[in-house]
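Please consider the predicted model shown below. The discussion is intended to be read alongside the sequence and the coordinates.

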Amino acid sequence: MSQRQLQTRMLHAGKTPAYEGGSPVNPPVVRASTVVFDNVAQQRDLRARRSGERVFTYGARGNPTGFALEDAVSELEGAYRTKLFPTGLAAIAMTLLAYLKPGDHLLMSDAVYEPARKLAESFLAPYQIRCTFFAADGSDVEDKIEPATRMIYAECPGSLVYEMCDLPRLADIAHRHDALLVCDNTWGSGCQYRPLALGADVSVMAATKYLSGHSDVMMGTVATTEAAWPALSARSDAFGMTVSPDDAYLVLRGIRSLTARLAMHEQHALRVASYLQSCPDVRSVFCPALPEHPGHDIWKRDCTGTNGLLSFEFQPQVTRAAADQWIDSLELFGLGASWGGYESLVTSADLPNARSVTDWSAHGCIVRLHIGLESPDDLIADLGQAFDAISPERSTYGISRSKA
C-alpha cells in the first residue's frame, strides 16, 4: 500500500480504471471542468488545435459526452458540425451574434418563435442591427431584401399555425444577395425536415423538444455547413457557451427513440386533427399535413412527415372566456407552453400579438395542442367532454366516442 496519506490517495485514486470487456452501448457521462495533460508539449499542442479541431482541453470547450451528441445532431441535420447551447433561445441568440454586426440588416419571418422576435426587436437594435419582418410564407422576401441584408431567418413550418415557406427559393434569394439563410428547425427535428439539404446555411433547434422527448432538459443546437462553421465556433467559444454532460446524455438517450416516437406522435395527431375538423365549435384546424392547410403542397415536397403539433381556431361565436373554460375542462392535457415530450399539452395562442405582417385580429380564439403518446381514443374523448362543457346543448362527446 502507498505510504501517502489517505486524504492524498483518495484524491488521486480511480481516475483511469482498467478493466477487460467490451464498450458501453451509450457514451458515458464525462463530467469535467479541469483537464490535465501528460506534459507541457501535449497541452500546448492540443490548445493550439482546439479552434479548428474538436479536442478535449477544458470543460467550457466541450466534453466527450457533448461531442457524441454533436455527432448525432450533425447526422440528423446533414451538417458539417454542430454546437450545443444551454437553451433553444441561447442557440438563436448566438446564431444572430455570430453572423451579424453593426450596420447589418436582418430579415426575419413573421412566424418565428415569439422570444426570437423580442430578441431581434429589443437586443439587436441598440447595436445598430436593423430587423424587418417578412410574411410567414416568404412571399415578400424579395421585395424587402436590402444591400445591407446579411441574414434571412426563417421558421418553417411557422410557430403556432405552421405556415410553410419555399425554403429553396429563400436560399436562392439569400445567396444571390450575399446573405445567409438560417432556419429554425425545431418542428422538423432533423427527421421530418432538413433545411440544410434545402439550401439553408444554418439550422437551429431546441433540443428541449423532440430530441429530448421527456420534458426534463433544456438545450439548443446549431448545425451548419462547412462554410458557415468558423464564425459560429469562434463566437460560441468567446462567449463560453457549453452544456452539462448530464443534459447531453439525456438528449442522446432521447434521440435513440426519436423516429419511433415521432411516428406515434404523427399517427395520433392526425386522428385528433380529423376529429377536430368534425366538431361544430371548430372553424379551422392548422396542420401542414392536412390537404386543406395553406402550403400543404410545399409540405408534401419538402417534408417526410408531421409531428404531434396542431392548432385549431374556434368558431367566432366562442368567446375567450368559453375557450378558457374549454382548456380548463381538459383532463389529459397539461396546460403548458412547451411541447415535444411524451405527454399531451394545451395552451392558448395569441396570434394578434405574435404577428406584425399578417393581421390575425379578425380570427376566432386559437388553441395549440401537442398530441402525445397517450391513446388517441382517450385524447379524443377528453376533447369531446371539454366541448360539451362549453356547448352542453350539443353532445360532441358522443361524436368523439364514435370516432375514437
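The following paragraphs treat a strand with its neighbours and then a pair of helices.

A convenient starting point is strand β5, which spans residues 180-184. Of its 5 residues, 4 are buried, where buried denotes under 20% relative accessible area; the strand is thus described as mostly covered. One of its pairing partners is strand β4, formed by residues 149-155. These two strands run in the parallel sense and are joined over 5 bridges. Within this pairing, Met151 has Leu180 of β5 as its bridge partner. The connection between β4 and β5 passes through helix α7, residues 167-176, and the resulting β-α-β crossover is right-handed.

Strand β5 also pairs with strand β6, which comprises residues 202-206. This arrangement is again in the parallel sense, with 3 bridges between β5 and β6. Here Val182 stands opposite Val202 of β6.

Attention may now turn to the helices. Helix α3 covers residues 64-77 and helix α9 covers residues 245-256; their axes come within 8 Å of each other and cross at roughly 35°. The crossing of α3 and α9 is left-handed. On the α3 side, the contact is formed by Thr65, Gly66, Ala68, Leu69, Ala72, Val73 and Leu76. On the α9 side, the residues that meet them are Pro245, Ala248, Tyr249, Val251, Leu252 and Ile255. Sorted by class, the contact between α3 and α9 contains 11 nonpolar and 2 polar residues, and no charged residues.

How values were computed: Residues numbered from 1 in each chain as written. Predicted model: local features only at pLDDT ≥ 70, side-chain atom pairs only at ≥ 80, totals over all residues. Heavy atoms only, no water. Buried < 20%, exposed > 50% of the residue type's maximum accessible area, 1.4 Å probe, protein only. Pairing = 2+ DSSP bridges. Right-handed = clockwise from strand over helix to strand, strands pointing away. Axes fitted to C-alpha atoms, helices over the stretch in contact; angles between N-to-C directions. Left-handed = near helix turned anticlockwise from the far one by under 90°. Contact = heavy atoms within 4.5 Å. Nonpolar A, V, L, I, M, F, W, Y, C, P; charged D, E, K, R; others polar.
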